[in-house]
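Thanks for coming. I'll go through a few places in one structure, and I'll keep to what can be read from the coordinates.

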Amino acid sequence: MTVPDIKTSLPGPKAQALIDRDRAFVSPSYTRGYPLVIERGTGATVEDVDGNVFLDCAAGIAVNSTGHAHPEVVQAVTEQAGKFLHMSGTDFYYEPQVRLAEELAAIVPINGGVRSFFGNSGTEAVEACIKLSRYATGRENIIAFLGAFHGRTMGSLSLTASKAIQRRGFGPLMPGVYHAPYADCYRCPIGLKPETCAAECLDFIDHQLFVHLVSPDEVAAVIVEPIQGEGGYIVAPDQFLQKLRELTKPHGILLVADEVQSGMGRSGRMFAIEFSGVEPDMVAIAKGIASGLPLGVASARAGLMSWPPGAHASTFGGNPVSCAAALATIKLLRSQLMANAADVGGHMLAGLKQLADKHALIGDVRGRGLMIGVELVRDRHTKERATDERDAVVNAAFRRGLLVLGAGKNAIRFSPPLVLTREQADVAIRLFDESLREVTASRR
Ligand SMILES: Cc1ncc(COP(=O)(O)O)c(C=O)c1O
């Protein structure tokens with residue numbers, strides 16, 4: 001099969017017909033950047049309803065970690081579906097949920113015992129972390145970071161500070177939330193250079209928040225994405241996470257790593273926080289954990305997760321079919337795909353960095369493993385955000401058969417399935433190069 005292979009104008013006739021039906025009946029709050037209507041997928045390729053074939057560097061927002069329809073995941077799902085679909089793991093017991101909790105205890109970067117709570121999505125994983133932080137500490141305040149995305153239910157939305165539209169019209173949000181500047185080193189919030197910085201942006205917490213707004217002994221947790229996802233694929237330097245741990249520990253403040261997007265092998269390590277050597281108290285996991293089936297997990301230091309029966313639960317959480325998919329996914333990540341993410345990711349990062357020599361539109365290229373962001377700017381000196389150009393490049397890539405997604409105001413994210421090969425990465429880079437050239441030429 002040739003990948004990509006675009007046979008019709010986009011959207012093709014069948015895709016257009018479905019989009020028209022969607023428009024009439026589906027919530028208009030969804031953000032569809034381009035008109036892709038999927039029929040089926042294999043590995044890192046996707047075929048639409050009109051027979052067009054795309055190279056997938058979006059993976060359903062960083063979810064299809066093992067690629068589309070990986071045979072081992074499909075087999076695990078099919079076998080479990082043939083046994084039973086649901087029994088509510090909050091009221092009864094079944095092996096896939098227990099085995100997954102055991103597996104998570106082995107891979108989550110917390111020493112000395114780990115327990116897991118199961119929900120259905122990233123936002124539920126974060127909600128569980130919020131509730132457990134408050135319950136375990138008896139404190140109510142939480143610190144999050146500007147640019148963060150933690151979900152859209154009312155608790156996690158209160159922590160989210162990515163785009164104002166995500167919060168607009170939904171207030172009042174949860175009280176007791178404070179936001180601090182994130183280590184966006186390309187746009188350092190305090191004007192320092194990454195080479196010489198010691199994460200001074202965190203002094204805002206110590207010197208401002210703790211002095212003027214909230215006493216540290218009333219803060220339950222700090223929640224951080226080791227790599228901001230929706231915010232623009234911004235990689236926090238190791239010293240930022242290390243200093244955050246040093247800042248939180250003496251005050252008994254819990255450190256929650258939101259690894260919903262950066263976790264499950266995508267960064268080349270199982271969890272992105274591992275690069276810094278920092279041990280969090282809780283980890284929120286979702287997206288890539290079950291290769292596309294709905295599953296969200298809050299894993300915590302065992303001693304912390306001591307809430308009593310009835311304190312928190314979810315009817316569907318830890319669905320047996322999702323757990324079976326997660327077990328097959330973890331096996332594949334450990335045996336091959338995490339290493340592939342590191343290898344192909346490094347290759348892709350280098351290739352995308354080379355494009356910056358040709359395209360003035362590229363301001364920054366950053367990432368770890370197969371979590372790579374390219375930030376577009378109108379002027380490298382002023383760093384004016386090239387938001388319209390970003391949207392145009394994403395669309396030009398789509399028309400060429402490359403699926404990528406925007407992130408933040410002006411970045412493009414490459415979050416392919418972790419089965420992506422070096423050859424496929426080269427195709428993606430070539431198509432991205434052509435798309436940048438087209439958009440640059442159209443703006444002259
Ligand atoms: C870091 C992070 N946390 C939480 C969420 C929320 O996940 P979900 O959309 O599954 O609720 C997301 C989703 O993009 C995310 O990237």
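Start with Leu293, which lies in the loop between strand 11 and strand 12. Keep in mind throughout that this is a predicted model. Is Leu293 buried or exposed? Neither: Leu293 is partly exposed, because its relative accessible area is 26%, and the buried class ends under 20%. Leaving out neighbours within four places in sequence, Leu293 is in contact with Val77, Val321, Ser322 and Ala325. There is also a distance to note here: Leu293 and Cys323 are 30 residues apart in sequence, and their C-alpha atoms are 8.8 Å apart in space.

From that loop, move on to strand 12, residues 296-301. Five of its six residues are buried, so strand 12 is largely enclosed by the rest of the structure. Which strands pair with strand 12? One of them is strand 4, residues 114-119, which pairs with strand 12 in the antiparallel sense over six bridges. In that pairing, Ser116 stands opposite Ser299. Strand 11, residues 282-285, also pairs with strand 12 in the antiparallel sense, over four bridges. There, Met282 stands opposite Ala300.

Met282 comes up again with Ser133. Ser133 lies in helix 5, residues 122-137. Ser133 is buried, because its relative accessible area is 0%. Apart from neighbours within four places in sequence, the contacts of Ser133 are Ala220, Ala221, Leu254, Val256 and Met282. So Met282 has two roles in this talk: it stands opposite Ala300 in strand 12, and it is in contact with Ser133.

Next, the ligand. Which residues surround it? The list is Ser121, Gly122, Thr123, Phe149, His150, Gly151, Glu225, Asp258, Val260, Gln261 and Lys287. By class, that shell has two nonpolar, six polar and three charged residues.

Three short distances to the ligand can be given individually. An oxygen atom of the ligand is 2.8 Å from a backbone N or O atom of Thr123. A polar backbone atom of Phe149 is 3.3 Å from a nitrogen atom of the ligand. With Gln261 it is the side chain: one of its N or O atoms is 2.8 Å from an oxygen atom of the ligand. As for cover, the ligand taken alone exposes 390 Å², and the protein buries 82% of that.

Last, a separate sheet. Four strands form an open sheet in the order 1-2-3-16, with mixed pairing. Its edge strands are strand 1 (38-42) and strand 16 (402-403), each of which pairs on one side only. The partner of strand 1 is strand 2, residues 45-48, and the two pair in the antiparallel sense over four bridges. Within that pairing, Arg40 stands opposite Glu47.

Glu47 also leads to Asn52, since the two are in contact. Where is Asn52? It is found in the loop between strand 2 and strand 3 (53-56). Although it sits in a loop, Asn52 is buried, with a relative accessible area of 0%. A polar atom of the Asn52 side chain lies 2.5 Å from the backbone nitrogen of Lys7. Beyond neighbours within four places in sequence, Asn52 is in contact with Asp5, Ile6, Lys7, Thr8, Leu10, Val46 and Glu47.

To put the two loop residues side by side: Leu293 is partly exposed at 26% relative accessible area, whereas Asn52 is buried at 0%. That's what I have.

How values were computed: Residues numbered from 1 in each chain as written. Predicted model: local features only at pLDDT ≥ 70, side-chain atom pairs only at ≥ 80, totals over all residues. Heavy atoms only, no water. Pairing = 2+ DSSP bridges. Buried < 20%, exposed > 50% of the residue type's maximum accessible area, 1.4 Å probe, protein only. Polar contact = N/O pair within 3.5 Å; in protein donor to acceptor, adjacent residues only side chain to side chain. Contact = heavy atoms within 4.5 Å. Near = heavy atom within 4 Å. Areas by Shrake-Rupley, 256 points an atom, 1.4 Å probe, with all protein chains shown as cover. Nonpolar A, V, L, I, M, F, W, Y, C, P; charged D, E, K, R; others polar.
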